[in-house]
Amino acid sequence: MKTALPLALTIAFGVGSAAAQYNSIINEADQPQFLFTMSADSGSYANGALVLQDVPVVVYFSDRPYRMSGTITPAAFAQEWNEQTDVFRSDPPNATMSILTEDGASNVVVELSELTLDHEAGTMTFETSILMGDMPASFGVATLFIDSFHFGPNPGDGAVGMHFGPGPNG
């Protein structure tokens, strides 16, 4: 009887640990997909290059059932983006550029690929293909909404100013 408890604990923890290891592999496809949005004070577009000026923060959130949200710095976003360059070359995300105009908002749907961050100039530059709409050569306040994709194990890992966790509804 004295050996039954340690044996039971060994089996329980051993099986639990193996199950957790296999679950992480099996459930890898179930990882949250994150949508991203960033606002810029101004920007420009020429020859497929979409330049966003003065993006202070990148906001991310996931859909049901995860409902995670937070913010990361443009530098952390660019670093993760550039680590996934091969993924984006084979299946680049779509995005909507919503530009504030005197008449309301103008929306342009694009496909994003390369991303370059210039700290000194305060710019984020995406290589784009326009899917719908007309992108002006220059514009004022605008917001880029990027379609969902898997963004590492946690978009906020090591990011300054990051908040990561359940949203207000769970």
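Is Phe-126 buried or exposed, and what is its relative accessible area? I looked this up in the model, which is a predicted one. Phe-126 is buried, with a relative accessible area of 0%.

**Entry 1. Overall composition**

I began with the secondary structure and found three helices and 11 strands in the protein. Read from the N terminus, the order of elements is α-β-β-β-β-β-α-α-β-β-β-β-β-β. I then checked burial across the chain: 34% of the 170 residues count as buried. The accessible surface amounts to about 10,100 Å², and carbon and sulfur atoms account for 56% of that surface. For contacts between residues at least 6 apart in sequence, I noted that 65% join residues at least 24 apart.

**Entry 2. Aromatic pairs**

I searched the whole structure for aromatic pairs, and the search returned five. One of them is formed by Trp-81 and Phe-126, with edge-to-face geometry, 5.5 Å from centre to centre and 80 degrees between the planes. I placed Trp-81 in helix H2 (residues 74–83) and Phe-126 in strand S8 (residues 123–132), so this pair ties together parts that are 45 residues apart in sequence. Trp-81 is buried, at a relative accessible area of 1%, and Phe-126 is buried as well, at 0%. Following the ring pairs further, I recorded a cluster that links Phe-34, Phe-36, Tyr-60, Phe-77, Trp-81 and Phe-126.

**Entry 3. Strands S4 and S5**

Tyr-60, a member of that cluster, led me to the next strand pair, where Tyr-60 stands opposite Gly-70 in S5. Strand S4 (residues 58–62) pairs with S5 in the antiparallel sense, over four bridges.

I next asked which side chains of S5 (residues 68–72) are buried. Met-68, Gly-70 and Ile-72 point to one face and are buried. Ser-69 and Thr-71 point to the other face and are not buried. The side chains of S5 thus alternate along the strand.

**Entry 4. The loop between S4 and S5**

The hairpin of S4 and S5 has five residues between the strands. In this loop I located Pro-65, which is joined to Arg-64 by a cis peptide bond with omega of about 0 degrees. Arg-67 also has its place in the loop between S4 and S5. Arg-67 has a positive phi of about 50 degrees, although this residue is not a glycine. I noted Arg-67 as partly exposed, with a relative accessible area of 35%.

**Entry 5. Asn-47**

I recorded a positive phi for Asn-47 too: the value is near 50 degrees, in a residue other than glycine. Asn-47 lies in the loop between strand S2 (42–46) and S3. At 80% relative accessibility, Asn-47 counts as exposed.

**Entry 6. A nonpolar patch**

Which residues make the nonpolar surface patch of about 200 Å²? I found that Val-57, Val-59 and Phe-61 make this patch. Val-57 sits in the loop between strand S3 (49–53) and S4. I looked up the accessibility of Val-57 separately: at 30% relative accessibility, Val-57 counts as partly exposed.

Technical notes:
Residues numbered from 1 in each chain as written. Predicted model: local features only at pLDDT ≥ 70, side-chain atom pairs only at ≥ 80, totals over all residues. Heavy atoms only, no water. Buried < 20%, exposed > 50% of the residue type's maximum accessible area, 1.4 Å probe, protein only. Helix = DSSP H or I, 4+ residues; strand = E, 2+ residues; numbered from the N terminus. Pairing = 2+ DSSP bridges. Phe/Tyr/Trp six-rings, centres within 6.5 Å; stacked < 30°, edge-to-face > 60°. Contact = heavy atoms within 4.5 Å. Areas by Shrake-Rupley, 256 points an atom, 1.4 Å probe, with all protein chains shown as cover. Patch = residues over 30% accessible without salt bridge, like charges linked within 9 Å, V, L, I, M, F, W, Y side chains within 5 Å. Salt bridge = Lys/Arg side-chain N within 4 Å of Asp/Glu carboxyl O.
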